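User: I am new to this structure and would like to know the grounds for the terms applied to it. Please take me through them one at a time.

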Amino acid sequence: MADILLVEDNAEVRSLLIQLLTCQGHQVAPTDSGKAALKMAQSRRFDLMITDIVMAMSGGGYQSCADYLKMARQLGADLTLAKPFTREQLKGALETLLGM
């Protein structure tokens, strides 16, 4: 399975995603900040990164979710999901991205 970097500042959401991803057989390296994620990504290669776009310390929050997702795609994100998303949507996204 995949080695996934998970960046999510909400502890409850992060915990749930860890559980969902590990139950599917993935290895998960979780962090709660973009700064920590950059350090992790510089020292280790990941198959996939799942990240929250708007986090408490990012200074964002004035644009709509759709605006941020559109911007992420324009900047090269392979796939975006709007919160809340279902377990099935996450599984489908992983299958698409990882070619499973």
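Analyst: The answers below concern a predicted model, and each sets a computed value against the rule behind a term.

User: What makes up the largest nonpolar core?

Analyst: The largest nonpolar core holds eleven residues: A2, I4, L6, L17, L20, L21, V28, L48, I50, L90 and L94. Two or more residues apiece come from strand 1 (3–7), helix 1 (11–23), strand 3 (48–51) and helix 4 (87–98). Helix 1 gives the most, with three residues. In soluble globular proteins, nonpolar side chains tend to be buried together.

User: Which residues does V28 touch, beyond its neighbours within four places in sequence?

Analyst: With those neighbours left aside, V28 is in contact with I4, L6, I18, L21 and T22. Another core, of five residues, lies apart from the largest one and has L5, A29, A37 and F46 among its members.

User: Which residues form the covered face of strand 3, and which the uncovered one?

Analyst: L48 and I50 form the covered face of strand 3, while M49 and T51 form the uncovered one. Both L48 and I50 belong to the largest nonpolar core.

User: How do you know that strand 1 and strand 3 pair, and in what sense?

Analyst: Pairing calls for at least two bridges, and strand 1 and strand 3 have four, in the parallel sense. In one of these positions, I4 has L48 of strand 3 as its bridge partner.

User: Why is the link between R44 and D3 called a salt bridge?

Analyst: The cut-off is 4 Å between a side-chain nitrogen of Lys or Arg and a carboxyl oxygen of Asp or Glu. The closest N and O atoms of R44 and D3 are 2.7 Å apart, so the pair meets the rule. By this rule the count comes to three salt bridges. R44 stands in the loop between helix 2 (34–43) and strand 3, whereas D3 is in strand 1, 41 residues away along the chain.

User: Are R44 and D3 buried, exposed or partly exposed, and what makes them so?

Analyst: Buried means under 20% relative accessible area and exposed means over 50%. R44, at 37% relative accessibility, falls between these limits and therefore counts as partly exposed. D3, at 13%, is under the lower limit and therefore counts as buried.

User: What joins E8, D52 and K83 into one network?

Analyst: The side chains of K83 and E8 meet in a salt bridge, with 2.7 Å from N to O. K83 is in the loop between helix 3 (65–74) and helix 4, and E8 is in the loop between strand 1 and helix 1, 75 residues apart. D52 and K83 also meet in a salt bridge, with 3.3 Å from N to O. D52 lies in the loop between strand 3 and helix 3, so its bridge to K83 ties together parts that are 31 residues apart in sequence. Salt bridges that share partners thus join E8, D52 and K83 into one network.

User: Which members of this network are buried, and which are partly exposed?

Analyst: E8 has a relative accessible area of 2% and D52 one of 13%. The limit for buried is under 20%, so E8 is buried and D52 is buried. K83, with 41%, lies between 20% and 50% and is therefore partly exposed.

User: What is remarked about the peptide bond between K83 and P84?

Analyst: The bond joining K83 and P84 is cis, with omega about -5°. P84 is found in the loop between helix 3 and helix 4. Most peptide bonds are trans.

User: What is the volume of the largest pocket, and which residues are closest to its centre?

Analyst: The largest pocket has a volume of about 740 Å³. Of the 30 residues that line this pocket, T51, I53, L79, T80 and L81 are the closest to its centre. Strand 1, strand 3, helix 3 and helix 4 each give two or more residues to the lining. Helix 3 supplies the largest share, five residues.

User: Why is A72 called buried?

Analyst: A72, found in helix 3, has 18% relative accessibility, which is under the 20% limit, and so it counts as buried. Leaving aside neighbours within four places in sequence, A72 is in contact with I53, A77 and T80. The C-alpha atoms of A72 and K91 are separated by 20 Å, and the two residues are 19 residues apart along the chain.

Technical notes:
Residues are numbered from 1 along each chain as its sequence is written. This is a predicted model: local features need pLDDT of at least 70, side-chain atom pairs count only at pLDDT 80 or more; totals for chains, interfaces and linings use all residues. Side-chain values use heavy atoms; hydrogens and water are left out. A nonpolar core is a set of buried Ala, Val, Leu, Ile, Met, Phe, Trp, Tyr and Cys residues joined through side-chain atoms within 4.5 Å. Buried means under 20% relative accessible area, exposed over 50%, partly exposed in between (1.4 Å probe, protein chains only). Contact means heavy atoms within 4.5 Å. On a 1 Å grid over the protein atoms alone, a cavity is a set of points where a 1.4 Å probe fits but cannot get out, and a pocket is an open set with protein on both sides within 12 Å along at least five of seven lines; lining residues have an atom within 4 Å of a point. Grid points are joined across faces, edges and corners, and a volume is the space filled by probe spheres set on the points.
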